[in-house]
There are 2 protein chains.
Amino acid sequence: MSDVAREAGVSPMTVSRAFKSDAYVNDETRKAILLAADRLGYVMDSMASGLSSRKTGFVAVTIPSINNANFADTVRGLTEGLQEKGLQVLLGYTNYNQEEEERLVRQLLTRRPEAIVVTGGTHTGKCRTMLENAGIPVIETWDIPADPIDSIVGFSNAEASAKIVGHLVATGRTKIAFLGGDASRDTRGFDRRRGFVREMESRGLDATRLVEAGPPPISMREGADALARLMSRWPDTEAVVCVSDLAAFGAMTECQRRGLAVPGTIAIAGFGAYEISDICVPPITSIDPHCYQIGLLAARRIIDLLSDGPDSGTKSQTLVEPSLLVRASTLSERSS
Amino acid sequence: MSDVAREAGVSPMTVSRAFKSDAYVNDETRKAILLAADRLGYVMDSMASGLSSRKTGFVAVTIPSINNANFADTVRGLTEGLQEKGLQVLLGYTNYNQEEEERLVRQLLTRRPEAIVVTGGTHTGKCRTMLENAGIPVIETWDIPADPIDSIVGFSNAEASAKIVGHLVATGRTKIAFLGGDASRDTRGFDRRRGFVREMESRGLDATRLVEAGPPPISMREGADALARLMSRWPDTEAVVCVSDLAAFGAMTECQRRGLAVPGTIAIAGFGAYEISDICVPPITSIDPHCYQIGLLAARRIIDLLSDGPDSGTKSQTLVEPSLLVRASTLSERSS
DNA sequence: CCAATAAATGATATCGATAACAACAATGCG
DNA sequence: CGCATTGTTGTTATCGATATCATTTATTGG
């Protein structure tokens, strides 16, 4: 930076100001400085800048898996929502593992982010402590934890399942199964299963048709395998609610292979509004949790918290209402 | 850090050393320091550390889209490959846009990464200049640029197409179309199309059945629409090579809707070895570019370059051989 | 025309760590 | 026993920027 200052015939301080948009600098001076910087191929060192100003421009974000269209959409919303304020997302993924999350959060905090976004509501004790003591806004997304750390931008996974059950019952199905929902690692999937069980029971229906599909991420293949197990155990099942669209699609391909008509013999519903659920034949009923919107709202909340200053005392809750997308895979009445 | 030093009764320098694994510190002293740090909830400031040691621990990575399983796998390979050396991926996406890439690269370079990984071979002039002058290893992936900046870890998209053409011809098809491949933005998709044309021509076959599917990312829906256009223009088409598995699956659903048998009436091939191509009915012939492997090899190359020092003069090329996955969608002979 | 204000720039200390060197104790070896 | 070696810790300067305060030069209104 002092090289640039010399080249432009000003002090380093003026160069520093020329790179901030808001500061007092003469337009011509700034122009000259930017030109000099360009000649020298100078790019500012954000790390040093951050050290001095105590603003790193980072927002840390953890997601369970990078290879998941839903979380990717949320990250997209975050990235784009934070861009206007010059904030950059620092991304890490946990592999659906809380110990890994703890390690990751520790690593991310060493970068002194100005806020941190985590997915889900369950963390290791140490992880929670770190988040509480970090002294920055913490946003929990994709869930509504019973005991939030700070702010929430999420939705009720349980209620989403309830919505689907309601729809299936309305179309005349009562022998309904749930596919997926691992208790140990996938808390959101487990919430969906819990919501399913609760809703079924509250309607006086049998809520014991539960098939595991292994730990997340649930692949299409695992969805197919799980459907096979489901049908061999409960052959008279009329509908199956899947923990995700990927499992649902896998399950549907298994139906095709077995010659089970969808939705004639069995109805299938998924979760996540993945593109595949819309385009496959027949299209699969799903829940759109509005992933991109979640990211955008989280970004907005962060910007608010960072500008308002110590308003952060209030633990805000921003709830997003998932939408039920009724499609052909559950639409028609039962034919048999 | 000086708080921790006081708490542990040592100098700040010793605390600094205690956090590095390689340094000379008495085991008991280190234990005491780590304990003190834990009591005070101290986490090291990597930014300050980086400023001083001139090692930020960042590796910048740009990908066209975050919502793409192939690129996500490469990022996974990079992340995991770099983890052992304590290097952290700093991710950004370009939306398949070179101006956006330039902006992103500039932003990423302000973070002083120790290396940078970019996808593809075409950049704006300024972007290329920045990369060349950054003074750090630059890895270009997913492609084999004619005029590499530094190191390459990639494969030939054109040859991958040629492989598919060879397979289709071997199964008796000659009226083959290519779906997708936008010249303006998706250089890799365009390379695949170019490879298709070249291979068809070299076999003396008609290489004019080309259908655009719009700018990337190509959705399943766009694949379906493109197939509709293809069949209305060239109804006698016997096989279609798609720019990606997503387009291929979309195209296949359109066949289902139109009652066209796959592979009986028309064979379909994709690219990318997405899970869907393996599980759909029928499974779709595809190319596995070994995305995770690309990431891992890039990580390894970076680690080599960073440790060897000024060996970086040699512009290495690490080539990965894509695998053809023959599946039912192209397998059987033509039935009509 | 002058005091008051605003605009533009500079000087200095500092952010939180580490590099580099110095200092000293313990150990080994001829 | 003395000197070289290794292990362990401390001191000082510094990385590249910015906060803060000081200073200088327009600008404005009474």
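Reader: How do the residues of the surface near DNA strand C divide into nonpolar, polar and charged?

Author: In this predicted model, that surface has eleven nonpolar, nine polar and four charged residues. Helix 4 of chain B gives the largest share, five residues.

Reader: What makes A:Thr14 count as near DNA strand C?

Author: The cut-off is a heavy atom within 4 Å of the strand. A:Thr14 is among the 24 residues around DNA strand C, and it belongs to the group that comes nearest, along with A:Thr29, B:Ser16, B:Tyr42 and B:Ser52. As for the DNA side, sugar and phosphate make up 65% of the strand's atoms that come within 4 Å of the protein.

Reader: Why is the approach of A:Arg17 to a base nitrogen of DNA strand C called a polar contact?

Author: A polar contact needs a pair of N or O atoms within 3.5 Å. An N or O atom in the side chain of A:Arg17 is 2.7 Å from a base nitrogen of DNA strand C, so the pair qualifies.

Reader: And what about A:Ser52, where a backbone atom is involved?

Author: Here a backbone N or O atom of A:Ser52 sits 3.4 Å from a base oxygen of the strand. With the limit at 3.5 Å, that pair therefore counts too.

Reader: Which part of DNA strand C does B:Asp45 meet?

Author: A phosphate oxygen, 3.0 Å from a polar backbone atom of B:Asp45. That is within 3.5 Å, so this is another polar contact. The elements giving two or more residues to the surface near the strand are helix 2 and helix 4 of chain A, plus helix 2 and helix 4 of chain B.

Reader: How do you know that A:Arg112 and B:Asp45 form a salt bridge?

Author: Their side chains come together at 3.8 Å, N to O. The rule asks for a Lys or Arg side-chain nitrogen within 4 Å of an Asp or Glu carboxyl oxygen, so the pair passes. The rule finds four salt bridges across the interface of chain A and chain B, and 21 residue pairs in polar contact.

Reader: What does helix 5 give to the side of chain A that touches chain B?

Author: Eight residues, the largest share of that side. By class, the side has 23 nonpolar, 14 polar and 13 charged residues.

Reader: How many residues of each chain are in contact, and how much area do the chains bury?

Author: 50 residues of chain A contact 49 of chain B. Between them the chains bury about 4500 Å², 56% of it on carbon and sulfur atoms. In chain A, A:Met47, A:Arg111 and A:Ile279 lose the most area to chain B, together 15% of what that side buries.

Technical notes:
Residues are numbered from 1 along each chain as its sequence is written. Chains are lettered from A and ligands numbered from 1 in the order in which they are written. This is a predicted model: local features need pLDDT of at least 70, side-chain atom pairs count only at pLDDT 80 or more; totals for chains, interfaces and linings use all residues. Side-chain values use heavy atoms; hydrogens and water are left out. Contact means heavy atoms within 4.5 Å. Buried area is the accessible area (1.4 Å probe) that two parts lose on being put together, summed over both. A polar contact is a pair of N or O atoms within 3.5 Å; within protein, one must be able to donate a hydrogen and the other to accept it, and residues adjacent in sequence count only if both atoms are side-chain atoms. Helices (H or I, at least four residues) and strands (E, at least two) are DSSP runs, numbered from the N terminus. Ala, Val, Leu, Ile, Met, Phe, Trp, Tyr, Cys and Pro count as nonpolar, Asp, Glu, Lys and Arg as charged, and the others, Gly among them, as polar.
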